[in-house]
Amino acid sequence: MLKSEVHPDIVIKAIKCCQQNDSWSLYEDVCEALWSNRDVAIAWLTKFGDWLHDDFPEEFEDDEEMCLIVIQQNWVEFDSFSVAMRNNKDFMLRAIKV
C-alpha cells in the first residue's frame with residue numbers, strides 16, 4: 001500500500017509506472033492527503049488526465065501548468081478550472097496552441 005505522506009516520490013514513481021487499466025486501484029491506495037501535493041497531482045494528470053474533483057485542493061483550479069497538462073491529456077476536463085483562468089485571454093491563447 002502507498003498510504004504514506006512521508007514519501008510522495010514513491011507515489012509519483014508508482015503513478016508513472018502504473019498501467020491505465022490499473023489506475024483506479026492505484027488511486028485507492030494513495031493516501032488522501034497526498035492529492036494535495038502538487039507533484040503527485042501533476043504526475044496523475046500527466047499519466048491519466050483525470051481531474052480528481054473531490055481530492056485536489058481548490059487552488060489547483062488556478063494552476064496554469066496543471067490546466068495545460070489536462071488539456072493535453074483530456075480536454076473535456078477543461079471545465080474543472082476556474083472561470084477566471086478560462087476568461088484570461090493570454091492563457092486561452094496558450095491553451096489553444098496546446
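Contact here means heavy atoms within 4.5 Å. By this criterion, in the predicted model, Ser82 is in contact with Glu61 and Asp62 once its neighbours within four places in sequence are left aside. Ser82 belongs to the loop between H4 and helix H5 (83-86). The relative accessible area of Ser82 is 13%, and because the limit for a buried residue is under 20%, Ser82 counts as buried. The side chain of Ser82 also takes part in a polar contact of 2.5 Å with the side chain of Asp62.

The chain as a whole contains 6 helices and 0 strands. Read from the N terminus, the order of elements is α-α-α-α-α-α. The radius of gyration is 14 Å, which agrees with the value near 13 Å that a compact globule of 98 residues would have. The C-alpha trace spans about 45 × 25 × 20 Å along its principal axes. Buried residues make up 44% of the 98 residues of the chain. The exposed area of the chain is about 6,100 Å², and 49% of this area is supplied by carbon and sulfur atoms. Of the contacts between residues at least 6 apart in sequence, 51% join residues at least 24 apart.

The interior was examined next. The largest nonpolar core comprises 31 residues. Within this core, the residues with the most contacts are Ile15, Trp35, Trp44, Trp51, Phe56 and Met66. At least two core residues come from each of helix H1 (8-17), helix H2 (23-29), helix H3 (38-48), helix H4 (64-73) and helix H6 (89-97). The greatest contribution is that of H3, which gives 7 residues. Met66, one of the core residues with the most contacts, touches Arg38, Ala41, Ile42, Leu45, Trp51, Phe60 and Phe81, when residues up to four places away in sequence are not counted.

Helix H3 can be described in further detail. Its buried residues are Val40, Ala41, Ile42, Ala43, Trp44, Leu45 and Phe48. These buried residues pack against H1, H2 and H4. Three of the residues named as buried in H3, namely Ala41, Ile42 and Leu45, are also touched by Met66. At the N-terminal end of H3, Asn37 acts as a cap, with a side-chain oxygen placed 2.9 Å from the backbone nitrogen of Asp39. After H3 comes Gly49, which has a positive phi near 70°.

The structure holds 3 salt bridges. In one of them, the side chains of Asp63 and Arg38 meet at 2.7 Å, N to O. This pair links distant parts of the chain, with Asp63 in the loop between H3 and H4 and Arg38 in helix H3, 25 residues apart. The partners differ in exposure: Asp63 is buried, at a relative accessible area of 12%, whereas Arg38 is partly exposed, at 32%.

Arg38 forms a salt bridge with Glu65 as well, the N to O distance being 2.6 Å. Arg38 lies in helix H3 and Glu65 in helix H4, so this pair ties together parts that are 27 residues apart in sequence. Glu65 has a relative accessibility of 40% and counts as partly exposed. Arg38, Asp63 and Glu65 are thus linked in a network of salt bridges. Arg38 is in addition among the residues touched by Met66.

A further salt bridge joins Glu64 and Arg94, with the closest N and O atoms 2.2 Å apart. Because Glu64 lies in helix H4 and Arg94 in helix H6, the pair ties together parts that are 30 residues apart in sequence. Both side chains belong to residues in the intermediate accessibility class: Glu64 is partly exposed at 33% relative accessibility, and Arg94 is partly exposed with a relative accessible area of 35%.

Notes:
Residues are numbered from 1 along each chain as its sequence is written. This is a predicted model: local features need pLDDT of at least 70, side-chain atom pairs count only at pLDDT 80 or more; totals for chains, interfaces and linings use all residues. Side-chain values use heavy atoms; hydrogens and water are left out. A nonpolar core is a set of buried Ala, Val, Leu, Ile, Met, Phe, Trp, Tyr and Cys residues joined through side-chain atoms within 4.5 Å. Buried means under 20% relative accessible area, exposed over 50%, partly exposed in between (1.4 Å probe, protein chains only). Helices (H or I, at least four residues) and strands (E, at least two) are DSSP runs, numbered from the N terminus. A salt bridge is a side-chain nitrogen of Lys or Arg within 4 Å of a carboxyl oxygen of Asp or Glu. A polar contact is a pair of N or O atoms within 3.5 Å; within protein, one must be able to donate a hydrogen and the other to accept it, and residues adjacent in sequence count only if both atoms are side-chain atoms. The radius of gyration is taken over C-alpha atoms; the globule rule is 2.2 Å times the number of residues to the power 0.38. Accessible areas come from the Shrake-Rupley method with a 1.4 Å probe; for residues, only the protein chains shown count as cover.
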